[in-house]
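Me: Please take a close look at a single part of this structure, the contact between one pair of helices, and then at the charged pairs. I would like one connected account rather than a list.

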Amino acid sequence: MKPVFAKAVVMGPLALAIPSISFGQAFGLPELSRETRACLDCHRSDNPSIYQQWGSSKHYRANVGCYECHAAAEGEPDAFPHEGFIIATIVSPKDCGRCHTRETKEFADSHHSKGARIIGSLDNTLAEVVEGNRGLVTPGFPEGVAASVVLGCWQCHGSQVKVLPGGKLDPATWPNTGIGRINPDGSEGSCAACHSRHAFSSYQARHPDNCGKCHMGPDHPQLEIYYESKHGVAFRAYKDKLNMDSAKWIVGEDYSHAPTCATCHMSATRNQPITHDVGMRISWNNRPAISMRPEESDRKLGLPGAAVSWEKRRAAMKDVCTSCHQTQWVDNFYIQYDALIELYHQKFARPGQELYNLAKPLLKPVEFTNKLDFVWYELWHHEGRRARHGASMMGPDFTHWHGTYEIAKHFYTKFVPELEKLIADNRESTDSTRRAAAEKLGQKLEAVLNDPNHRWYLDRMDPAEKERRRQQMEEFQKRYGK
């Protein structure tokens, strides 16, 4: 356990105190501690940018310096002697929690802090095995680890930081500011993932680009969706008017021209305080193949959010929305959003999942050695997420062209043909198990394609619907010409 510091300012310069005493919530100190002054003697010249960043921070103005964050107790896993002091390189959420108690608790209860639990998942298998090898050999990984994981997955999700003798940190696991980093003191997460060292700027934490370090790319392009949306357009036009370095920063009071990611998911409104649990205003978890309610995913991770219904979370988000939008606008948006989720579930996700599971007995047993593995994975993990996230954040191009269009194109031109090939190749198999699996898969595929959602593919569209569409096309051509 790292030492904690006495709250009473009558002690003069900050000194180590009784370990059972802690700050609670943040406050200022009367002057810089002797220990921090000693740190600054070197770091002012050795690391001038760090010194300048810290000098512009609220920590500096509160006389909280190097030692107050980096101090360690002898015997801690990552503690080491340095210039007459015992310190640790990593400042963990447990350390930040000595002053920022409420924020740390909310963060610990969030999905963000559990990000490193991706280790061992399907995504990690791709990066470790399919993309990578064991070429990066370090003291902590004598049998090697994939550089694709170290420099890819772990830099956003976090990894378990391994400590070498003398308190040094294994180079495969440090540097790392992944949001769910597993720290030597047992805590999960990295506050510096969002509050970058050493300025800890509110402006930077509230800027959409701060979230975009991780929330971007083919499988979760929230940053790109935001910049496409009306919210992002307004942000670019008015970011100089958003007062993003305000201490209070309440939407509708301190700014009104545009929201950022922080506005909607974390920051204060006139009716609710800041939260560091970014799931508390989300009413769908769109990460899995089939979207789930957030309380269900919290329950799977053993988080206290399991007791908070999606309806309550949606009401919290609506409170943010109504700072700028009328109630009917907000209510109608959620009707649209829910409809897109149901379309994706009904037409592609549920039947696709069933068909893929039925196809597994006909596939090579090692995952991602089959074309169908990649096709299905990208249908839900890339295209399905893009459509759902696009709808959730009002990005029409990501909802349609990068989303539902890509899902449909690959469902009908890759997924279905690959299933048909598996059925044809195995219906006459000498292996009765494979014949039975092919027959079962064939029956399911026929049922799916004859569903009203897919009949068009077999040229079996309802005649009345076909006629309506013909008339619409005629009217369009008369209006605009062929």
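Reply: A residue is called buried when its relative accessible area is under 20%, exposed when that area is over 50%, and partly exposed in between. The model is a predicted one, and what follows should be read with that in mind.

The part to look at is the contact of helix 18, which spans residues 396-426, with helix 19, which spans residues 432-449. Their axes lie 8 Å apart and make an angle of about 145 degrees, and the crossing of helix 18 and helix 19 is left-handed. From helix 18, the residues that take part are V416, L419, E420, I423 and N426, and on the side of helix 19 they meet R434, R435, A438, L441, G442, L445 and L449. Sorted by character, the residues of this contact comprise seven nonpolar, two polar and three charged.

Helix 18 also holds a charged pair, K409 and E406, which form a salt bridge whose closest N and O atoms are 3.8 Å apart. Because K409 and E406 are three residues apart in helix 18, about one helical turn separates them. The cut-off for a salt bridge is a nitrogen-to-oxygen distance within 4 Å, so the 3.8 Å found for K409 and E406 qualifies. As for accessibility, K409 has a relative value of 31% and therefore counts as partly exposed, whereas E406, at 18%, counts as buried.

In general, side chains of opposite charge can pair when their charged atoms come close. Across the whole structure, a search finds 22 salt bridges, and two others may be set beside the pair in helix 18. One of them joins E35 to R34, with the closest N and O atoms 3.2 Å apart; here E35 is buried, its relative accessible area being 7%, while R34, at 55%, counts as exposed. Another is the salt bridge between D459 and K466, for which the closest N and O atoms are 3.2 Å apart. In that pair D459 is exposed, with a relative accessible area of 58%, and K466 is partly exposed, with a relative accessible area of 39%. Elsewhere, R102, E103 and E106 are joined into one network by salt bridges that share partners.

To return to the part you asked about, helix 18 meets helix 19 through residues that include L419 and I423 on the one side and L441 and L445 on the other, and helix 18 contains K409 and E406 as well.

Technical notes
Residues numbered from 1 in each chain as written. Predicted model: local features only at pLDDT ≥ 70, side-chain atom pairs only at ≥ 80, totals over all residues. Heavy atoms only, no water. Axes fitted to C-alpha atoms, helices over the stretch in contact; angles between N-to-C directions. Helix = DSSP H or I, 4+ residues; strand = E, 2+ residues; numbered from the N terminus. Left-handed = near helix turned anticlockwise from the far one by under 90°. Contact = heavy atoms within 4.5 Å. Nonpolar A, V, L, I, M, F, W, Y, C, P; charged D, E, K, R; others polar. Salt bridge = Lys/Arg side-chain N within 4 Å of Asp/Glu carboxyl O. Buried < 20%, exposed > 50% of the residue type's maximum accessible area, 1.4 Å probe, protein only.
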